[in-house]
Amino acid sequence: KRQRFVDKNGRCNVQHGNLGGETSRRYLSDLFTTLVDLKWRWNLFIFILTYTVAWLFMASMWWVIAYMRGDLNKAHDDSYTPCVANVYNFPSAFLFFIETEATIGYGYRYITDKCPEGIILFLFQSILGSIVDAFLIGCMFIKMSQPKKRAETLMFSEHAAISMRDGKLTLMFRVGNLRNSHMVSAQIRCKLLKSRQTPEGEFLPLDQLELDVGFSTGADQLFLVSPLTICHVIDAKSPFYDLSQRSMQTEQFEIVVILEGIVETTGMTCQARTSYTEDEVLWGHRFFPVISLEEGFFKVDYSQFHATFEVPTPPYSVKEQEEM
């Protein structure tokens, strides 16, 4: 099976290994990003564990204060003023902490003015609770609002095609947006991944070359309202300058396509990726038209989004055609 660098769904097949002993320290130094990058099951586990441990710890502190002051033994003495009224065991101390932390309101349990250590603990609890809430809830909010799912409604054609357009041999593929909301400032880039050997004898297994899809003319800036056909003109500056229909059968390369834009509804940057290997590039093909004019609007037929048809195309490379 052909080993891909980037899958069709955009996932990069790269695993990092032998990172050294400082890996854990580097991840912990950026703890917020580490938590956001974790899978949902680990996020929920850390979320529940952190709150559970914090609640049990703070409830234990209230119970210790009541125990040190002797409040537990005088819970039903009406003439005695405890630190926290009606706290006479650990469950009642835990319930008092929950009422304080969740701002449910005091009624049966409350702090008295005869307990300075309780007031100090109350201030510490308020500060610690605000920090934990801001960190964990912020982490969950950022994870839920990540625009990764928005990329699933951005489509790429299953194949790329090479044929003549405007008298020039052109590599083409199609992109589309399934949602009515637009991608603001959408931009597309293409990378050619191909192994090569330098004149000095150095072997580069994944050498990255840029494919011009309109950078000089601004054609790489997309108004992605309807499906668009992205074109790379094969000329003397193109890495495919000496690529012919015959040589493509022995070549091994991968074209990585990166589409970036700002999600109109959230204002967050979204990136969608895909790739085309040499066996997914169809020589002498063109894409079916998918846009038709109806009464008062343009209709897009996505059933023909991936469809291509054969057209007369010279089997020679641009270099061979120029020499001939």
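A polar contact is a pair of N or O atoms within 3.5 Å; inside a protein, one atom has to be able to donate a hydrogen and the other to accept it. Keep that in mind for the exercises below, and remember that this is a predicted model.

**Exercise 1. Where does Glu320 sit, and which backbone nitrogen lies 3.1 Å from a polar atom of its side chain?**

Step 1: Start with the address. Glu320 is part of helix H6, which covers residues 318-323.

Step 2: Look for a polar partner. A polar atom of the Glu320 side chain is 3.1 Å from the backbone nitrogen of Ser317. The cut-off is 3.5 Å, so the distance fits.

Step 3: Check the accessibility. Glu320 has 32% relative accessibility, so we call it partly exposed.

Step 4: Look along the chain. Asp242 is 78 residues away from Glu320 in sequence, but their C-alpha atoms are 7.3 Å apart.

**Exercise 2. Work out how Arg174 is placed, and name the backbone oxygens its side chain reaches.**

Step 1: Find the element. Arg174 belongs to strand S3, residues 168-177.

Step 2: Try for a charged partner. Arg174 is buried and has no salt bridge; Asp301, the nearest side chain of opposite charge, is 9.2 Å away. A salt bridge needs nitrogen and carboxyl oxygen within 4 Å, so Asp301 doesn't qualify.

Step 3: Turn to the backbone. The Arg174 side chain gets to the backbone oxygen of Phe288 at 2.5 Å. One of its polar atoms also lies 3.3 Å from the backbone oxygen of Gln304.

**Exercise 3. Which side chain of opposite charge is nearest to Asp220, and what does Asp220 touch?**

Step 1: Locate the residue. Asp220 is in the loop that runs between strand S5 (203-211) and strand S6 (221-222).

Step 2: Check for a charge partner. The nearest candidate is Arg189, 7.5 Å away, and Asp220 is buried without a salt bridge.

Step 3: List the neighbours. Leaving out residues up to four places away in sequence, Asp220 touches Ala186, Gln187, Ile188, Val213, Gly214 and Phe215.

**Exercise 4. Find the salt-bridge partners of Arg189 and Lys194, and say which parts of the chain each pair links.**

Step 1: Begin with Arg189. Its side chain meets that of Glu260 in a salt bridge, 3.8 Å from N to O. Glu260 is in strand S8 (residues 254-263) and Arg189 in strand S4 (residues 183-197), so this pair ties together parts 71 residues apart in sequence.

Step 2: Go on to Lys194. Here the partner is Glu251, with 3.0 Å from N to O. Lys194 is in strand S4 and Glu251 in the loop between strand S7 (228-233) and S8, so this pair links distant parts of the chain, 57 residues apart.

Step 3: Compare accessibilities. Glu260 counts as partly exposed at 26%, and Arg189 as partly exposed at 28%. Lys194 is at 29%, partly exposed, and Glu251 is at 25%, again partly exposed.

Step 4: Zoom out. The whole structure has eight salt bridges. Among them is the Asp7–Arg11 pair at 3.0 Å, N to O; Asp7 is buried, at 16% relative accessibility.

**Exercise 5. How far apart are the centres of domain 1 and domain 2?**

Step 1: Set the bounds. Domain 1 is 21-145 and domain 2 is 149-323.

Step 2: Read the separation. Over C-alpha atoms, the two centres are 55 Å apart.

Step 3: Add the record. An unreviewed UniProt entry puts "domain: Inward rectifier potassium channel C-terminal" at residues 154-323. That span is 4% helix and 50% strand, with its end C-alpha atoms 41 Å apart.

How values were computed
Residues are numbered from 1 along each chain as its sequence is written. This is a predicted model: local features need pLDDT of at least 70, side-chain atom pairs count only at pLDDT 80 or more; totals for chains, interfaces and linings use all residues. Side-chain values use heavy atoms; hydrogens and water are left out. Domain bounds come from an automatic or database domain assignment. Helices (H or I, at least four residues) and strands (E, at least two) are DSSP runs, numbered from the N terminus. Buried means under 20% relative accessible area, exposed over 50%, partly exposed in between (1.4 Å probe, protein chains only). Lys and Arg count as positive and Asp and Glu as negative; His and the chain ends are not counted. Contact means heavy atoms within 4.5 Å. UniProt positions are given in the numbering used here, feature names are shortened, and annotations may be inferred rather than shown by experiment.
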